[in-house]
Amino acid sequence: MVLPSSQTVAWIDNPGPKGTLRIRDGVDIQQPSQNEILVKLECSGICHSDCRNVEGMGKYTDIPGHEGVGEVVKLGPGASESLLGKRVGIKWLWSACNQCAACKKGQINNCPKQSNTGRTTLGTLQQYVVAHADFVSLVPDGLKSEVAAPLLCAGLSLAGAVSKVAPEVQPGEFVVIVGAGGGLGHIGVQIATLKGFSVIAVDSGAEKEKLSKEMGAVAFIDYAKQNVVQAVKDLTDGEGAHGVICVAGSERAYQQAPELVRNNGVFVCVGLPPDTFMFPMSPIHIANRGLVIKGSSTGTSAQMDELLQLALEGKITPKIDVYDFTDSPKIIQELQRYEVTGRKVVRAPA
């Protein structure tokens, strides 16, 4: 295959409060180095956390995106020849050290030396993406690329988060998912339901209510119309849920969500508020109530493989809408306004 010398990308201009994403042509294609591969992208999901890149909330690269699916078209030195021509997924975790305690336990997602797609390496909103050969996921034959893409972050993040409510929360007990109708949340509802939990979905709007219930939620609470704390207690014998997963990244969501969990319950942080925002509960309240606070940014390689297989079997069915690559800036703006239900995926230019 003869590769072009330049490509089309989605590029961040002036990252910060007034940052914007624009489509840019004529950008050089990176070449794979040691143990790296070059992937011709087919499609990429767009995540709410990509807004952080645009808004300059931390150190990120000029090209966002971390839910890419495409074909391996070139190998760097040391990359396995078996990967050439394979369809692979490029995730948030670009690489890990494989030497620290977390990596040795199979928890590469918590590696302190990890590199991340769109944060330390250029993201997937481009036609050709360099990835680490050892950390891509093979996409099973028969699974559509546009279905696989959102599983690489949205799905894997919630697979990790749902796993964190155990062992304290048992099947049949209540788990509240705050932000249940969004790109991550709706997949989380489905995963938690498959694991046997009774899911209470919290979000706003008829469209997100419909989606949450289709994914398996036993109840939906509209935060714009209801007293969320009281509504959760009414559904849970007055005590609150056994577990709460806060997927929404707003400060308002985090300020309210700890009130939804019962004593001796589990609270899992997933959504990403501004870095300056601190967890809104004092140690004395956490201690007196016996709460367990956990964090989950993404899942493990084993969870990724399980998720892709469940999707192939039709047991995980993310709600996706597919758009042209040129729609990427508009989708970012919609995500910034919290207007997206499910997941939006863009097709890379041919």
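Here are some friendly notes on a predicted model, point by point.

1. The annotated domain. Let's start with the record: an unreviewed UniProt entry lists "domain: Enoyl reductase (ER)" for residues 16–346. In the model, the end C-alpha atoms of that span lie 24 Å apart. Helix makes up 27% of the span and strand 26%.

2. Aromatic pairs. It is worth having the rings on display for this one, as the structure holds three aromatic pairs. In one of them, the ring centres of Tyr254 and Phe277 are 6.3 Å apart and the planes meet at 55°, so this pair is tilted. Tyr254 belongs to helix α7 (residues 251–256), while Phe277 sits in the loop between β14 (261–269) and α8 (283–289), so the contact ties together parts that are 23 residues apart in sequence. Both Tyr254 and Phe277 are buried.

3. An edge-to-face partner set. Phe267 and Phe279 also form an aromatic pair, this one edge-to-face, with 5.3 Å from centre to centre and 75° between the planes. Here strand β14 supplies Phe267 and the loop between β14 and α8 supplies Phe279; the two residues are 12 apart, and the pair links distant parts of the chain. How accessible is each ring's residue? Phe267 has 1% relative accessibility and therefore counts as buried, whereas Phe279, at 27%, counts as partly exposed. Taken together, ring pairs join Tyr254, Phe267, Phe277 and Phe279 into a cluster.

4. A charge over a ring. Towards the start of the numbering, please have a look at Trp11 and Arg24. The charged end of Arg24 sits over the ring of Trp11, at 4.2 Å from the ring centre.

5. Helix α9, its length and its two sides. Helix α9 covers residues 301–312, which makes 12 residues. From its first C-alpha to its last it reaches 17 Å, close to the 16 Å expected at 1.5 Å a residue. Which residues of α9 are buried? They are Gln303, Met304, Leu307, Leu308, Leu310 and Ala311. Viewed down the helix axis, these buried residues fall within an arc of 160°, so they line one face of α9. The face turned away from that buried side carries the exposed residues Ala302 and Asp305.

6. What α9 packs against, and what follows it. The buried residues of α9 pack against three elements you can pick out in the viewer: β9 (137–138), α3 (145–164) and α4 (185–194). Just after α9 comes Gly314, which takes a positive phi of about 80°.

7. A cis peptide bond. Please check the step from Ala166 to Pro167, where the peptide bond is cis, with omega near 5°. Pro167 is placed in the loop between α3 and β10 (174–178).

8. Positive phi at Asn14. Although Asn14 is not a glycine, its phi is positive, at about 50°. Asn14 lies in the loop between β1 (6–13) and β2 (20–28). Is this residue buried or exposed? With 65% relative accessibility, Asn14 counts as exposed.

9. Positive phi at Tyr338. Tyr338 is another residue other than glycine with a positive phi, here near 55°. Its place is the loop between α10 (328–336) and β17 (343–347). Tyr338 has a relative accessible area of 46% and is therefore partly exposed.

How values were computed:
Residues are numbered from 1 along each chain as its sequence is written. This is a predicted model: local features need pLDDT of at least 70, side-chain atom pairs count only at pLDDT 80 or more; totals for chains, interfaces and linings use all residues. Side-chain values use heavy atoms; hydrogens and water are left out. UniProt positions are given in the numbering used here, feature names are shortened, and annotations may be inferred rather than shown by experiment. Helices (H or I, at least four residues) and strands (E, at least two) are DSSP runs, numbered from the N terminus. Rings of Phe, Tyr and Trp (its six-membered ring) pair if their centres lie within 6.5 Å; planes under 30 degrees apart count as stacked, over 60 as edge-to-face and the rest as tilted. Buried means under 20% relative accessible area, exposed over 50%, partly exposed in between (1.4 Å probe, protein chains only). A charge sits over a ring if NZ of Lys or CZ of Arg is within 6 Å of the ring centre and within 35 degrees of the ring normal. The expected span of a helix is 1.5 Å times one less than its number of residues. The arc is that of the directions from the helix axis to the C-beta atoms. Contact means heavy atoms within 4.5 Å.
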